[in-house]
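The following exercises concern a metal site and a ligand site. Please work through each task before reading its solution.

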Amino acid sequence: MEHLLAPSILAADFANLERDIRLINSSQADWFHLDVMDGVFVPNISFGMPVIKSIAAHATKPLDVHLMIVDPDRYLATFAELGADVLTVHAEACTHLHRTLGQIRSLGMKAGVALNPHTPVAVLEDVIDELDLVCLMSVNPGFGGQKFIQRTFDKTRQMRKMLNDAGSKAHIEIDGGVGAGNWKALVDAGADVLVAGSSTFNASDPLAAIVEMKGV
Ligand code: DX5
Ligand code: ZN
């Protein structure tokens, strides 16, 4: 299966954001992964609407917005207006996940659900028809540059089987600690979207790192 690569802007240089966006525009990467953190759902605050608006003005590839915020229902329409193509909420942050996913789709975006490392894939069984993307967190969300949790391989295989059994074409995205040493094994396990923050922007040659992780 051909996989997509989504560099995470969290690892970009925020004082040179336009330069880093142009770098991704000109690369073989597929999506921009944008991590929105509220300091409540996760112990960190990243960036919000004004920064996404500026990114959207320059980005020529789809915006994959990962909301690490409590009660994301409050802002679904705002992120649609900002130009999000994929909008991912955390299962742990949604009381009415089925309704939330329906609202994301009705706003014209792809609906994603992220699962923390401790959340079993089984929580998605009854919303499988509402999903366009499952984001399996392979680190505890909140920070870039963390160590990949190996258990994610089993989870990826379980999730791919669940989607196949349901006839779902939803993407499986892996987020956290993805790089040269594990991207291929993740694709073999059933992942088809790889988020890569540090392994893209901290590389001495980010374009070459992207080519490497695209396997081209
Ligand atoms: C973590 C974020 C990730 C992060 C990944 O909470 O969801 O998207 O930017 O960073 P790396 O690729 O450095 O682990
Ligand atoms: Zn993320």
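**Exercise 1.** How are the donor residues of the zinc ion (ligand 2) spaced in sequence?

*Solution.* The model is a predicted one. Begin with the donors: H33 (NE2), D35 (OD), H66 (ND1) and D175 (OD) coordinate the zinc ion (ligand 2) at 2.0 to 2.3 Å. Reading these residues along the chain gives the spacing H-x1-D-x30-H-x108-D.

**Exercise 2.** Determine the arrangement of the donor atoms around the zinc ion (ligand 2).

*Solution.* Six donor atoms surround the zinc ion (ligand 2), and the angles they subtend run from 70 to 169°. Six donors count as octahedral if opposite donors are over 155 degrees apart and all others lie between 65 and 115. The arrangement is therefore octahedral. For reference, the ideal angles for six octahedral donors are 90 or 180 degrees.

**Exercise 3.** Decide whether H33 and D35 are buried or exposed.

*Solution.* The cut-off for buried is under 20% relative accessible area. H33 has a value of 0%, so H33 is buried. D35 has 5%, and D35 therefore counts as buried.

**Exercise 4.** Describe the surroundings of ligand 1.

*Solution.* First, list the neighbours: 20 residues lie around ligand 1, and G142, D175, G177, G197 and S198 come nearest. Next, examine the polar pairs. An oxygen atom of ligand 1 is 2.3 Å from a side-chain N or O atom of S198. An oxygen atom of the ligand is also 2.8 Å from a polar backbone atom of G177, and one is 3.3 Å from a side-chain N or O atom of H33. Finally, consider the area: ligand 1 taken alone exposes 380 Å², of which the protein buries 98%.

Methods: Residues are numbered from 1 along each chain as its sequence is written. Chains are lettered from A and ligands numbered from 1 in the order in which they are written. This is a predicted model: local features need pLDDT of at least 70, side-chain atom pairs count only at pLDDT 80 or more; totals for chains, interfaces and linings use all residues. Side-chain values use heavy atoms; hydrogens and water are left out. Donors are N, O and S atoms within 2.8 Å of the metal (3.2 Å for Na, K and Ca); water is not among the atoms, so sites may look incomplete. Four donors count as tetrahedral if all angles lie between 85 and 135 degrees; four count as square planar and six as octahedral if opposite donors are over 155 degrees apart and all others between 65 and 115; anything else is irregular. Buried means under 20% relative accessible area, exposed over 50%, partly exposed in between (1.4 Å probe, protein chains only). A polar contact is a pair of N or O atoms within 3.5 Å; within protein, one must be able to donate a hydrogen and the other to accept it, and residues adjacent in sequence count only if both atoms are side-chain atoms. Accessible areas come from the Shrake-Rupley method with a 1.4 Å probe; for residues, only the protein chains shown count as cover.
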